[in-house]
Amino acid sequence: SGHEPHHGEEEPVQFPELPASPIYTIPHSMAHIGDRSDEYARLRKTFDAQLPYDPERSLQAQEALRKFPHLETFAEDLVYDIHNCPDIPPPNYPHEWATLDVLGHWSPEDTNIP
């Protein structure tokens, strides 16, 4: 990627690729992460045949399961949408709140999401 570490920054860790199962190669998987066993390959092959790769469908299913679809923020100076993070972070990203301010507005005894 051409990234040169800055002074005091460690070199990024390079993980070795894991051999894929000869039974099935999982689409869109990362070569250095995940279960590569034949048993899991058979399972994924079955599921992927029924539910092929469709990121939009996956997003809709995830949003349907979300218990709290709308999160209010109290900062008037928040310049980014917390539900749609920008590719390039704006100045002062991420926005933060002091813990005592959060606790002052939301008691730790109250477990309800505002």
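## A tour from the enclosed cavity to the helices

The largest cavity, with a volume of about 50 Å³, is the starting point of this tour through a predicted model. To bring it into view, select A20, S21, Y24, T25, I26, D35, R36, S37 and A41, the residues that line this largest cavity. By the rule applied here, the count of cavities of 30 Å³ or more comes to one.

**Step back to the whole chain.** Colour the chain by secondary structure, and three helices and zero strands appear, the order from the N terminus being α-α-α. Of the 114 residues of the chain, 9% count as buried. If you then switch to colouring by confidence, the chain averages a pLDDT of 79, and 75% of the residues score at least 70. Among the elements, α1 has the highest mean pLDDT, at 95, whereas helix α3, residues 99-105, has the lowest, at 77. Where pLDDT is low, the predicted coordinates should not be read in detail.

**Select the second largest pocket.** About 230 Å³ of space lies in this pocket, and its lining is shown by selecting P27, H28, R44, F47, D48, L51, P52, Y53, D54, R57 and S58. Both α1 and α2 supply at least two residues each to this lining, and α1 gives the most, with three residues. Several of the residues on the list deserve a stop of their own, and the following selections take them in turn.

**Select R44 and D48.** These two residues of the pocket lining form a salt bridge in which the closest N and O atoms are 3.2 Å apart. Why are R44 and D48 separated by about one helical turn? They are separated in this way because they stand four residues apart in helix α1. The two partners can also be compared by their cover: D48 is buried, since its relative accessible area of 15% is under the 20% cut-off, while R44, with a relative accessible area of 24%, is partly exposed.

**Select R57 and D54.** A search of the whole structure finds two salt bridges, and R57 with D54 forms a salt bridge whose closest N and O atoms are 3.9 Å apart. Both R57 and D54 also line the second largest pocket. R57 is partly exposed, with a relative accessible area of 31%, and D54 likewise counts as partly exposed, at 30% relative accessibility. Side chains of opposite charge can pair when their charged atoms come close.

**Select L43, F47 and L51.** Shown as a surface, these three residues make a nonpolar patch of about 290 Å². F47 and L51 are also among the residues that line the second largest pocket. L51 is placed in the loop between α1, residues 38-50, and α2, residues 55-65, and with a relative accessible area of 46% L51 is partly exposed.

**Finish at H28.** This residue, another member of the pocket lining, is found in the segment before α1. Is H28 buried or exposed? With a relative accessible area of 59%, H28 is exposed. Its backbone merits a check in the viewer, for the phi of H28 is near 60°, a positive value in a residue other than glycine. Most residues other than glycine have a negative phi, and most peptide bonds are trans.

Terms used
Residues are numbered from 1 along each chain as its sequence is written. This is a predicted model: local features need pLDDT of at least 70, side-chain atom pairs count only at pLDDT 80 or more; totals for chains, interfaces and linings use all residues. Side-chain values use heavy atoms; hydrogens and water are left out. Patches are made of residues with over 30% relative accessible area and no salt bridge: like charges are joined within 9 Å, nonpolar side chains (Val, Leu, Ile, Met, Phe, Trp, Tyr) within 5 Å. Accessible areas come from the Shrake-Rupley method with a 1.4 Å probe; for residues, only the protein chains shown count as cover. A salt bridge is a side-chain nitrogen of Lys or Arg within 4 Å of a carboxyl oxygen of Asp or Glu. Buried means under 20% relative accessible area, exposed over 50%, partly exposed in between (1.4 Å probe, protein chains only). pLDDT is the predictor's confidence in each residue, from 0 to 100. On a 1 Å grid over the protein atoms alone, a cavity is a set of points where a 1.4 Å probe fits but cannot get out, and a pocket is an open set with protein on both sides within 12 Å along at least five of seven lines; lining residues have an atom within 4 Å of a point. Grid points are joined across faces, edges and corners, and a volume is the space filled by probe spheres set on the points.
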